[in-house]
Amino acid sequence: MNNISFLSVSTPGRALHSMEGLGEYVTESRWCPTHPATFATTLTTGRMDIWNLNHDTEVPLTSLQLEGAPAIIKAKWAHNGRHMILGDDDGKIHVASMGENIFTPQPDAWSNLVHTLSELQSQTTEIDQWSDTSSNY
């Protein structure tokens with residue numbers, strides 16, 4: 001699968017937002033344990049993307065490409081968010097250090113995330129309403 005979907009808690013199975021066309025297959029997605037709006041995705045191409053929903057919902061904040069492009073098959077944040085541990089299909093372990101801006105949230109990070117998710121939900125509702133009216137023709 002080469003996309004990620006954020007599912008609604010209030011409406012199970014309904015996607016609030018989908019990130020499409022991420023390249024090859026997404027193997028992992030993991031929320032940062034210290035920053036509410038930050039998560040990582042890993043791909044079979046050896047790429048890890050770091051996302052911050054408060055910054056952008058379509059473009060990663062930063063990316064890391066493993067040398068030789070082995071598939072990343074496992075990823076885990078360190079408990080303090082300062083590192084990401086990656087396991088590849090060659091059996092190697094990689095440790096990526098994160099910049100402070102990635103793992104340290106600003107004081108308004110939670111309220112900004114609530115606002116971002118509310119906007120995504122509004123956009124999804126508008127699309128659903130448009131789809132319902134266009135199917136009547």
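## Exercises on a predicted model: threonine 42 and serine 97

In this predicted model, the side chains of threonine 42 and threonine 27 make a polar contact with each other at 2.7 Å.

**Exercise 1.** Determine where threonine 42 is placed, whether it is buried or exposed, and which residues beyond its sequence neighbours it contacts.

*Solution.* Begin with the secondary structure, where threonine 42 is found in strand 4, a run that spans residues 38-43. Next, take its relative accessibility, which is 1%; because buried means under 20%, threonine 42 is classed as buried. Then list the contacts, setting aside neighbours within four places in sequence: threonine 42 is in contact with Tyr25, Val26, Thr27 and Glu28, with Arg47 and Met48, and with Ile72, Ala75 and Leu86. Thr27, which appears in that list, is also the partner in the side-chain polar contact at 2.7 Å.

**Exercise 2.** Carry out the same analysis for serine 97, and state which residue is its bridge partner.

*Solution.* Serine 97 belongs to strand 9, which covers residues 93-97. Its relative accessibility is 60%, and because exposed means over 50%, serine 97 counts as exposed. When residues up to four places away in sequence are not counted, serine 97 touches Arg82 and His83. For arginine 82, the C-alpha to C-alpha distance to serine 97 is 6.0 Å, although 15 residues separate the two in sequence. For histidine 83, the relation is one of pairing, since serine 97 in strand 9 is its bridge partner.

**Exercise 3.** Describe the sheet to which strand 9 belongs, giving the strand order, the sense of pairing and the edge strands.

*Solution.* The sheet is open and consists of three strands in the order 7-8-9, with antiparallel pairing. Its edges are strand 7 (72-77) and strand 9, each of which pairs on one side only. On average, and with direction ignored, neighbouring strands of this sheet are turned by 20° against each other. Between strand 8 (residues 83-88) and strand 9, the antiparallel pairing extends over five bridges.

**Exercise 4.** Place these local results in the whole chain by stating its element pattern, its buried share and its exposed area.

*Solution.* Counting elements gives two helices and nine strands, and reading along the sequence gives the pattern β-β-β-β-β-β-β-β-β-α-α. Of the 137 residues in the chain, 36% count as buried. The chain exposes about 8,200 Å², of which carbon and sulfur atoms supply 53%. Finally, among contacts with a separation of 6 or more, 40% are between residues 24 or more positions apart.

Key
Residues numbered from 1 in each chain as written. Predicted model: local features only at pLDDT ≥ 70, side-chain atom pairs only at ≥ 80, totals over all residues. Heavy atoms only, no water. Helix = DSSP H or I, 4+ residues; strand = E, 2+ residues; numbered from the N terminus. Buried < 20%, exposed > 50% of the residue type's maximum accessible area, 1.4 Å probe, protein only. Polar contact = N/O pair within 3.5 Å; in protein donor to acceptor, adjacent residues only side chain to side chain. Contact = heavy atoms within 4.5 Å. Areas by Shrake-Rupley, 256 points an atom, 1.4 Å probe, with all protein chains shown as cover. Pairing = 2+ DSSP bridges. Axes fitted to C-alpha atoms, helices over the stretch in contact; angles between N-to-C directions.
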